[in-house]
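Colleague: I'm still new to reading protein models, and I'd like to zoom in on one part instead of skimming everything. Could you pick a sheet and walk me through it slowly?

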Amino acid sequence: MSAAAESHGHNPPLLAVHDLCVEFATRKGPVTAVRAVNLQVAKGETLGIVGESGSGKSVTSYAVMRILDRAGRIVSGAINFSGMRLHDADEAMMSDLRGREISMIFQNPRAALNPIRPVGKQIEDVLIRHAQATHDQAKPKAIEALEKVRIRDAARRYHAYPFELSGGMCQRVVIAIALACRPQLLIADEPTTGLDVTTQKAVMELVSELTLSEGMSTLLITNDLGLAGEYCDRIVVMEKGEVVEQQDTAGLFTAPAHPYTRRLIRSTPHSAATIRDLLPEDLKTPPLLASAISEEPLLEVTDLVKVFEAQTPFLQRLRGKREAGYRAVDGIGFSIARGESVGLVGESGCGKSTTSAMVMRLLDATSGSIRFKGQELTAVSAADFARSPLRRELQMVFQDPHESLNPRATAAQSIADPLRRLEGLSDGAAIRARVETLAAQVGLPPELLDRLPHQLSGGQKARVGIARAIATRPELLILDEPTAALDVSVQAVVLNLLADLKAQFGMSYLFVSHDLEVVRLLCDRVIVMRAGHIVETGPTAQVLSNPQAEYTRELLSAIPRPAHLPAHAGHRAPATAAGAA
């Protein structure tokens, strides 16, 4: 714990929020998003605000920065920063403070960056605007800022556009912009969402080191309680727009006072838990008995290669020059047995999503074999595979439950789509009956079936995606980060639902993820990929408790593991089934 945290309360806080209330105007009248919020951030302290989507944590930070959208307004309360009243400050004052005294790292780094301006120029803009550099000094200072966030070859990357950089590098650029003027307070709003564990660790270690070296205070906003537990001195827990608890980190984990805090802690995956342990007591039901894993392989992948051709400039092509292609997947092989759940893990860019897309026949392989139920899938092109009788046997649950649904189709229409296209059903009454049965199987209330995606919560949209995927009773279900965008309590319910469905229907899973704790809970075997190659494979318990590859050890060491969570008692076998709420 930092000295700032220990002296909290003895010195005037850098930031003090008192009885903050924020409302948003809607067609149905004002909606209160934040109600009577009180919190303080001491100088040099890292304070975490945790809670699920809709809890008001981001709205609180936007109110501090005074960047609420036009429908939002501060109704009452006070925000004091370094002796200045921010709650009634004019835009000229706030414009001067933003970036210079208070900076923010936004959740989506690509959305936060100007897509048509080099990243170095975007750092220069901040330096020049706040008189931290002249036009002549700005470029070397921008390159220095990129070097400070450990971007290799910073002088060359200075000229890069955001689309030319990975998600992790874009996040580092956003951090460089936020820290360019050495602010007193850094607000990090979900800075690691969507990043793999090693990139997440690198970003958080970087923020932590820079906070210490620059003498800053940090306000970390996250729905990942494990992340907050590892990097924060104190934690504020928000639910439905209110602060329900705030304690020092050790006290919060060892003696949580509020039921909501206890639910968040219970829902956070860790190696001492089973998949059933993540659920609240009132949602637990007796487990189903899973069928035994067959020795017969359902899927066999051999020497699979995918090369993406490089885009050679026109003039170079005229001269007969061709740039080498990028080998995203380089000669991998694995199998999945009937009734088995296999995890495919690795960093972003390792080739796991490309592999799953080739198995799903959404992407053609450059070479290699994919045999499903003894039939060679690569004999049919990806474009033609939609008409193959095997299409109904292979289905997929996508990462983003919102983007994967047609915004103009109701939940019932989305679930019915594979019944019409792949099973040829045309009778409206029969289709509706099947849809209602599927909705019941995934725990989706029937009254939600006629709603559009924007009228559903993240967890409800995830259930629609799962119901659609199992509509044709596939033998292999490919799950591409199906819980990455969900809150921990919703994730717990969805994971239990998947375990339950697997036991009920005897399906096999290819579970693509960068979350090793989730893979530990759901998968029988795990495959670890790096740079297009498989570096390790074996039973989940064996690989995650005694990894042989150095890269696997790096992945495991990067998982946030607060010392205050229940002791890591080693791996327990994946749940054979789980009650689904």
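Modeller: Sure, let's take the sheet that starts from strand β16. Four bridges link β16 to strand β17, residues 476-480, and the two run parallel. Keep in mind that this is a predicted model. To see one of the links up close, find Gln 395: its bridge partner in β17 is Leu 477. In general, strands of a sheet pair through backbone hydrogen bonds, and they can do so parallel or antiparallel.

Now step back to the whole sheet. It is open and has six strands, in the order β16-β17-β18-β13-β19-β20, and the pairing is mixed. At the two edges sit β16 (394-397) and β20 (533-539), each of them paired on one side only. From one strand to the next, the twist averages 20°.

Next, look at what packs on this sheet. Helix α17, residues 458-470, touches β16 and β17, and its direction makes about 175° with that of β16. Then there's helix α18, residues 488-505, which lies across β13 (341-345), β17 and β18 (508-513). Its direction runs at about 155° to β18.

For a second example of pairing, go to strand β3, residues 46-50. Five bridges join β3 to strand β8 (residues 217-222), running parallel, and four bridges join β3 to strand β9 (residues 234-239), also parallel. Val 50 is a handy marker here: its bridge partner in β8 is Thr 222, and in β9 Val 50 stands opposite Val 237.

So is β3 buried or exposed? Five of its five residues are buried, so β3 is largely enclosed by the rest of the structure. You can check that face by face. In a regular strand the side chains alternate between the two faces of the sheet. In β3, one side has Thr 46, Gly 48 and Val 50, the other has Leu 47 and Ile 49, and all of these are buried.

Finally, here's how the whole chain looks. The protein chain holds 21 helices and 20 strands, and buried residues make up 52% of its 581 residues. Of the contacts with a separation of 6 or more, 70% come from residues 24 or more positions apart. The C-alpha trace spans about 70 × 70 × 50 Å along its principal axes. A compact globule with 581 residues would have a radius of gyration near 25 Å, and the chain has 25 Å, which agrees.

Technical notes. Residues are numbered from 1 along each chain as its sequence is written. This is a predicted model: local features need pLDDT of at least 70, side-chain atom pairs count only at pLDDT 80 or more; totals for chains, interfaces and linings use all residues. Side-chain values use heavy atoms; hydrogens and water are left out. Two strands pair if DSSP finds at least two bridges between them. Axes are lines fitted to C-alpha atoms, for helices over the stretch in contact, and angles run from 0 to 180 degrees between N-to-C directions. Contact means heavy atoms within 4.5 Å. Buried means under 20% relative accessible area, exposed over 50%, partly exposed in between (1.4 Å probe, protein chains only). The radius of gyration is taken over C-alpha atoms; the globule rule is 2.2 Å times the number of residues to the power 0.38.
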